[in-house]
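Thanks for asking for a second pair of eyes on this one. My notes are below as numbered points, so you can follow along with the structure open.

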Amino acid sequence: MKEVRVRFAPSPTGYLHIGGLRTALYDFLFARNQSGKAVLRIEDTDQNREVKGATESLIATLHNLGIDFDEGPETGGEYGPYIQSQRLDLYRQHALELINKGHAYYCFCSTATLSQMREEQQAEGEFVKYDRRCLKLSKEEVNARLNAGEPHVIRLKMPDNYRFAFDDEVRGHVQMDSSQSDDQVLIKSDGFPTYHLAATVDDHYMQISHVIRGEEWLSSTPKHIWLYECLGWEAPKWVHLPLILNTDRSKLSKRMHDVSVESYIQKGYLKEALINFVALLGWHPADDRELYSLEELCEAFSLDRVNKAGAVFDLTKLDWMNGQYMRSLPLHTIADRAKQWFPPQWTEDYQRYLKIISAARERSTLLPELTEYARIFFKPAPLNPEDKDFLLAESSQKVLQWYLQQLTGIDADDAEAINTITKAGIKELGIKGKYYYMPLRLALIGQAHGPDLPTIIGILGKDETLIRLGAARH
RNA sequence: GACCCCUUCGUCUAUCGGUGAGGACUCAAGAUUUUCAUUCUUGCAAGAGGGGUUCAACUCCCCUAGGGGUCGCCA
């Protein structure tokens, strides 16, 4: 069997789209699963849309997520260059070849002419497509206008009355009539190729075995198939992934959702959760398992379990999953990832910082929430009036007084000893439940709810514990 | 509008002709916990509609409806 080679081919227009992440991930998983190669190719053929630095940030984001490509602009490889703007000659060469074979032609129509033509077709209720007026130009006239330096494009001549049929790996057999395909522009007037030409040429030379892309490409697949035929190349296998959807079931867009992967990372989502969650949007193994690491996904992934229907991007489940990873990942991993949200002084004492993260991760969904939970250990939360009154009550003061005395002879890290005196206090004072615990928690952290006493005291340390207890006494 | 794709709980999904249609998220109730969180248990909730084929259809076929995608010198 032919070696599996797939490519992820984003345009450097600013950020990694959630849909792009899913495609990149499936490319990666499929390649790994099949012991094939995953190629990263930058499709920067639209000079108007290109954003400076986008390529670098795209590569960095993918790398940070652990999705590393075998070949690409930064890693190199034997099929480079992997940036389309560096392969312009190759595209032009094949466009010319198509013209020579009679499969493509020069077109001098201006955008104004074209839009007028389209308006008329629209008004007539016709299928909107190029009317081929430049195909009728004589060779002499074409050459004359070319020599005169007239702006022009090169168009692909689609066949008439042709039935395109192909087998899509997820959709099965798909058929389309050539009458629905426009004479696509192959080379733009600025000399750059369009996606259709560039991708086809590159996929061929990079020996791509499976073209994995979003369903939005399904209807232009006939154009690509035709290009392969005209160029005399063998077409790859087609894999059109279901779309990721907005809540209203339209294609996921930034109008309705945050769609940039970077922004989810900035919000404090963990890459493990993001990857796990996105992997399950459109693919699912046969069993009921929900939690998968990247490695496990590589092991389990297969194209034949990719769904046909689009999947709504549901943050609620992502949040749940993130919480799962907040608790299950190694403590130091969470601690390191959370660091950027913490003031430097809060992490100086690393052992103490770890204790804080350990307590806080149980109660957090996103990374920045850890900082909020940590706050109470550096400065008690300000008491609200009711809590203040509660703390002033006679029984509360008794608890505080007693606890303060008992604690003096105890090690703050000795959880067992703390539990012992805590229980002893209940017996001794005859105060229990919220009347016992609330004053202590209020005095120690300024709020009625939170971690258990040994945890709080262990983090605070003995000195600080005594100070806070003392400060609450009147 | 034309063409193409899609259709199981609110959401992500399992099921590849024979199931009380399963799991997860959400939500509700309960248990655990001094509290919060976690965790556990239970519950609510689905085959778009109509025809076929078959002893048997969520599963195969057809029609209808609904949703989506595409129709750029953007990808």
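**Notes on chain A**

1. Let's begin with how the chain folds back on itself. Please keep in mind throughout that this is a predicted model. If we take the contacts in chain A between residues at least 6 apart in sequence, 76% of them join residues at least 24 apart.

2. Next, the overall build. Chain A contains 21 helices and 11 strands. Its C-alpha trace spans about 105 × 50 × 40 Å along the principal axes. The radius of gyration of chain A is 32 Å, whereas a compact globule of 474 residues would have one near 23 Å. As for burial, 34% of the 474 residues of chain A count as buried.

3. Now the interior. The largest nonpolar core has 106 residues, and those with the most contacts inside it are Ile 18, Leu 25, Ala 95, Leu 274, Val 278 and Ala 443. Which helix gives the most to this core? That is helix H1, residues 18-33, with 9 residues.

4. Ala 443 is a good one to click on, being among the core residues with the most contacts inside the core. Setting aside neighbours within four places in sequence, Ala 443 touches Leu 391 and Leu 400, and also Arg 468, Leu 469 and Ala 472.

5. Here is a helix pair to look at. Helix H12 (residues 331-338) packs against helix H14 (residues 350-361) at an angle of about 100°, and their axes are 10 Å apart. Since angles of 65 to 115 degrees count as roughly perpendicular, H12 and H14 are therefore roughly perpendicular to each other.

6. Which residues meet where H12 and H14 pack? From H12 come Leu 331, Ile 334, Ala 335 and Ala 338, and from H14 come Tyr 353, Leu 354, Ile 357, Ser 358 and Arg 361. Sorted by class, this contact has 7 nonpolar, 1 polar and 1 charged residues.

7. Turn next to Ala 300, which sits in helix H10 (residues 294-300). Ala 300 counts as partly exposed because it has 18 C-beta neighbours inside 10 Å, and the cut-off for buried is 20 or more. Apart from neighbours within four places in sequence, Ala 300 is in contact with Pro 285 and Tyr 292. For a sense of distance, Ala 300 and Glu 74 are 226 residues apart in sequence and 28 Å apart in space, C-alpha to C-alpha.

8. There is a cis peptide bond to check, the one from Gly 80 to Pro 81, with omega near -5°. Pro 81 belongs to the loop between helix H2 (54-65) and helix H3 (88-100).

9. Asn 161 deserves a glance at its backbone: its phi is positive, about 45°, although it is not a glycine. Asn 161 lies in the loop between strand S4 (153-156) and strand S5 (163-168). Is Asn 161 buried or exposed? Asn 161 counts as exposed, because it has 7 C-beta neighbours inside 10 Å, and the cut-off for exposed is 12 or fewer.

10. Last on my list is Gln 207, which has a positive phi of about 55° and is not a glycine. You will find Gln 207 in the loop between helix H6 (195-205) and strand S8 (210-214). With 15 other C-beta atoms within 10 Å, Gln 207 is partly exposed.

Technical notes: Residues numbered from 1 in each chain as written. Chains lettered and ligands numbered in written order. Predicted model: local features only at pLDDT ≥ 70, side-chain atom pairs only at ≥ 80, totals over all residues. Helix = DSSP H or I, 4+ residues; strand = E, 2+ residues; numbered from the N terminus. Rg over C-alpha atoms; globule rule 2.2 N^0.38 Å. Contact = placed C-beta atoms within 7 Å. Core = buried A, V, L, I, M, F, W, Y, C linked by C-beta atoms within 7 Å. Axes fitted to C-alpha atoms, helices over the stretch in contact; angles between N-to-C directions. Parallel < 35°, antiparallel > 145°, perpendicular 65-115°, else oblique. Nonpolar A, V, L, I, M, F, W, Y, C, P; charged D, E, K, R; others polar.
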